[in-house]
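Student: I would like a close look at one part of this model, namely its salt bridges. Please set them in the context of the rest of the chain.

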Amino acid sequence: MLDTAIEYLKGVGPQRADVLKKELGVFTCGDLLFHFPFRYIDRTKFHRIRDIQTEGEQYQIKGILRRLETVGEGRAKRLVGTLRDETGSIELVWFQAVQWLERSLHTGKEYVVFGRAAAFNGRFNFTHPEMEEVTAENTQSARTFDPVYPSTDKLTQKGLDAKGLRKLLRTLLDGLARTEVPETLPDFMLDAYRLAPRWEALQKIHFPENQQELDAATRRLKFEELFFLQLRLLQIRRRRKDASRGFVFDKIGDCFNRFYHEKLPFELTGAQKRVIREIRTDLAAGQQMNRLVQGDVGSGKTAVALMAMLMAIDNGYQACLMAPTEILAQQHFSNITDLVGDLGISVGFLSGTVKGKKREAILAELASGAMHIVIGTHALVEDWVVFQKLGLAIIDEQHRFGVEQRAALWKKGAGLPPHVLVMTATPIPRTLAMTLYGDLDVSVIDELPPGRKPITTIHKTEQHRLRVQGFMREEIAKGRQVYVVYPMIEETEKADMLNLMAGYEALSRDFPAPEYQISIVHGKMKAADKDFEMQRFVRGETQIMVATTVIEVGVNVPNASVMVIENADRFGLSQLHQLRGRVGRGAEQSYCVLVTGFKLSTDARERIQTMVQTNDGFVIAETDLRLRGPGNMEGTQQSGMLRFLLADLGRDGQILTAAREIAARILESDPALTAPEHRRLLEHLAVTGKEARVWSRIS
Ligand code: ADP
Ligand code: MG
């Protein structure tokens, strides 16, 4: 039955089938079974009228209809009733079907009334409540826990509103035999985690009789969802480890040693050393490395990346480093050229703006092997970039690269795919990392270089602008530099641009030349102009940098000590944290000033407070995940992996951890899942395997 086309379900037919397919992607009865309610209306309880206290909340009450009359004229004409129980009375209002309702409702009778509380003139009323006369039978039938399904206008026009869908689901479940919904989890797991059987869970997720049944069903289905995802990810990881041969870099040679002893201008932090060791072990293991390095802004990922590249060079291979923007790539290029100095390593730069003879020369050197390291933008993945022997590809701020771009880099290896190191400054909550990068190895640089003072973050409303400016002046007088950042998003680009320019002009008045010099950088400028302005700021020729979020990632100006973020409430948490990370890079005390209007939404207030309270990227990431949900976290939008039916990585961390643990244990003892007690797992993986293959290649 589950494979049957949806038009053949009783009550559907060709027309409704058409909208079900178009609007909900429901093609078969099986699809419908997995169209879960998004909420439930608890009609198992009756409220007393006195207890109606929350606007917008739905209530079921029971009482006598005391009054019913039509008031008003024309469009204002409405039917008004009063319902009374032993605790009080509430007004009921209808604007439509007035005549019909007036005929069918009767004062003096008892009704079950279901409606949403609206506040009007300081009192609550129900507009268009559902009314049902109390008779011997229906007081029982009204006691339900009703599922509410996501629907659309087009579906509603075909009679498939929440109620219509409810009826279809009832029909489907009534006609479904238990054998058609096989159990997917082994009995020992059901026992160990006290999970409801699948059949029961699918029944109860649609039609629970009470909250407990609903909770049990939800937990079981979430567990299943997360468990199979983890099982697949861990399988992929095992297979990759077993099968994907990689270059062996077992030599620590001249380049690495001379750099370490002669060039490195600081002592590595313990965390940097640990991560470099982890990378070194990977590179020598004979398998392709796929490692994610997470490290908060300023944790020193560049040095780690460079030392990994030096290992490749010592073993006779080339390395590349890809950054998401021109500015960042440039900055990496100049940092790294400075760091390697006269070690005799050839470092090149390649981006879309490198053209003609210059480009040809670089391409020739890459093809011949004369160039050891190339740093650039996504231009590096273009077909016309050919390496002699690419052994290591490093991707900085990986979430800005599409999956395809990463995959393209793989193909550039010499026979084997290059080792891949992905670096991100966006700390990812553990639950998300387990899923998004479940098949990657993860290193964390969880220590900042010594001597850094934690950044002080302050929230100021617009009325305090003068004080903010006074503060900027003080810092500039001490020889420091200041960023002033404005939001810029596509949807409101024009207004944002005006806002940015107005801010720039105001600053130019308040910080006049020649005493002050101001740079401005935004996305609409040509790359060369941006770079020019950026460089002026980097060299300290300008004291203030007015910018949009183009400076968000990576830019390193240690002398900058103040980050002023305008309209801070419009930024997401991870963005705010990234921006803040632009300061506090030198030894000076640094500040981040979040400027907002006086009124803030609850979420915005929590974001701002989180920023004021903590500098810990992981804490911020967890809060972000909780506030926004995983689908909206930066870099995850395109990830099909996070499209769960029920599971929510922000809330279901415990279930996820348990699911991952048991998945790991099972694979440890029975990698091929051939043991009889794992038969159900193997069968379920075979059924759902096709979808999984798509994203198994992602990393
Ligand atoms: P990120 O992880 O944000 O990419 P960077 O690699 O840009 O950080 O490093 C930030 C700054 O810290 C740079 O100026 C770098 O030279 C410096 N740095 C990195 N590691 C250390 C260290 N172990 N000790 C002192 N300074 C360091
Ligand atoms: Mg960096």
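Tutor: What follows takes the salt bridges one at a time and then turns to the surroundings.

The model is predicted. Its protein chain has 24 helices and 21 strands. Of the 699 residues in the protein chain, 53% are buried. Along the principal axes, the C-alpha atoms fill a box of roughly 95 × 75 × 45 Å. The domain assignment divides the chain into domain 1 (45–140), domain 2 (254–283 + 300–424) and domain 3 (456–614). Between the C-alpha centres of domain 1 and domain 2 there are 70 Å.

The structure holds 30 salt bridges. Side chains of opposite charge can pair when their charged atoms come close. Three of the pairs are described here, followed by a network.

Begin with the pair within one helix. Asp18 and Lys22 form a salt bridge through their side chains, with 3.1 Å from N to O. Both residues belong to helix 1 (residues 13–24), and because they are four residues apart there, about one helical turn separates them. Asp18 is partly exposed, at 40% relative accessibility. Lys22 has a relative accessible area of 64% and is therefore exposed.

The next pair is Glu183 and Arg220, a salt bridge in which the closest N and O atoms are 2.6 Å apart. Glu183 sits in the loop between helix 6 (162–175) and helix 7 (187–192), whereas Arg220 is part of helix 9 (residues 211–243), so the salt bridge ties together parts that are 37 residues apart in sequence. Where does each side of the pair stand in terms of burial? Glu183 has a relative accessible area of 19%, and since buried means under 20%, Glu183 counts as buried. Arg220 is also buried, at 0% relative accessibility.

Helix 9 also supplies a partner to the third pair, in which Arg238 forms a salt bridge with Glu668. The closest N and O atoms of Arg238 and Glu668 are 3.7 Å apart, and the cut-off for a salt bridge is 4 Å. This salt bridge links distant parts of the chain, as Arg238 is in helix 9 and Glu668 in helix 23 (residues 653–669), 430 residues apart. Arg238 is partly exposed, with 29% relative accessibility. Glu668, at a relative accessible area of 57%, is exposed. Beyond such pairs, Arg274, Glu278, Asp282, Arg291 and Asp446 are joined into one network by salt bridges that share partners.

Charged residues also appear around ligand 1. The shell of ligand 1 has five charged residues, along with seven polar and four nonpolar ones. That shell comprises 16 residues, of which Gln272, Gly298, Lys301, Thr302 and Arg452 come nearest. Several polar contacts involve oxygen atoms of the ligand. A polar side-chain atom of Thr302 is 2.6 Å from an oxygen atom of ligand 1. For Lys301, a polar side-chain atom is 2.7 Å from an oxygen atom of ligand 1. Gly300 takes part through its backbone, with a polar atom 3.1 Å from an oxygen atom of the ligand. On its own ligand 1 exposes 570 Å², and the protein buries 81% of this area.

The backbone has some details to note as well. Most residues other than glycine have a negative phi, and most peptide bonds are trans. Arg194 is not a glycine, yet its phi is positive, near 45 degrees. Arg194 is found in the loop between helix 7 and helix 8 (198–206). With 73% relative accessibility, Arg194 is exposed. His128, likewise not a glycine, has a positive phi of about 50 degrees. The loop that holds His128 runs between strand 6 (123–127) and strand 7 (130–133). His128 is partly exposed, at a relative accessible area of 35%. The peptide bond from Ala513 to Pro514 is cis, its omega being near 0 degrees. Pro514 belongs to the loop between helix 18 (493–510) and strand 18 (518–521).

To return to the pairs: Asp18 and Lys22 are four residues apart in helix 1, Glu183 and Arg220 tie together parts 37 residues apart, and Arg238 and Glu668 are 430 residues apart.

Methods:
Residues are numbered from 1 along each chain as its sequence is written. Chains are lettered from A and ligands numbered from 1 in the order in which they are written. This is a predicted model: local features need pLDDT of at least 70, side-chain atom pairs count only at pLDDT 80 or more; totals for chains, interfaces and linings use all residues. Side-chain values use heavy atoms; hydrogens and water are left out. Helices (H or I, at least four residues) and strands (E, at least two) are DSSP runs, numbered from the N terminus. Buried means under 20% relative accessible area, exposed over 50%, partly exposed in between (1.4 Å probe, protein chains only). A residue is near a molecule or strand if one of its heavy atoms lies within 4 Å of it. A polar contact is a pair of N or O atoms within 3.5 Å; within protein, one must be able to donate a hydrogen and the other to accept it, and residues adjacent in sequence count only if both atoms are side-chain atoms. Accessible areas come from the Shrake-Rupley method with a 1.4 Å probe; for residues, only the protein chains shown count as cover. Ala, Val, Leu, Ile, Met, Phe, Trp, Tyr, Cys and Pro count as nonpolar, Asp, Glu, Lys and Arg as charged, and the others, Gly among them, as polar. Domain bounds come from an automatic or database domain assignment.
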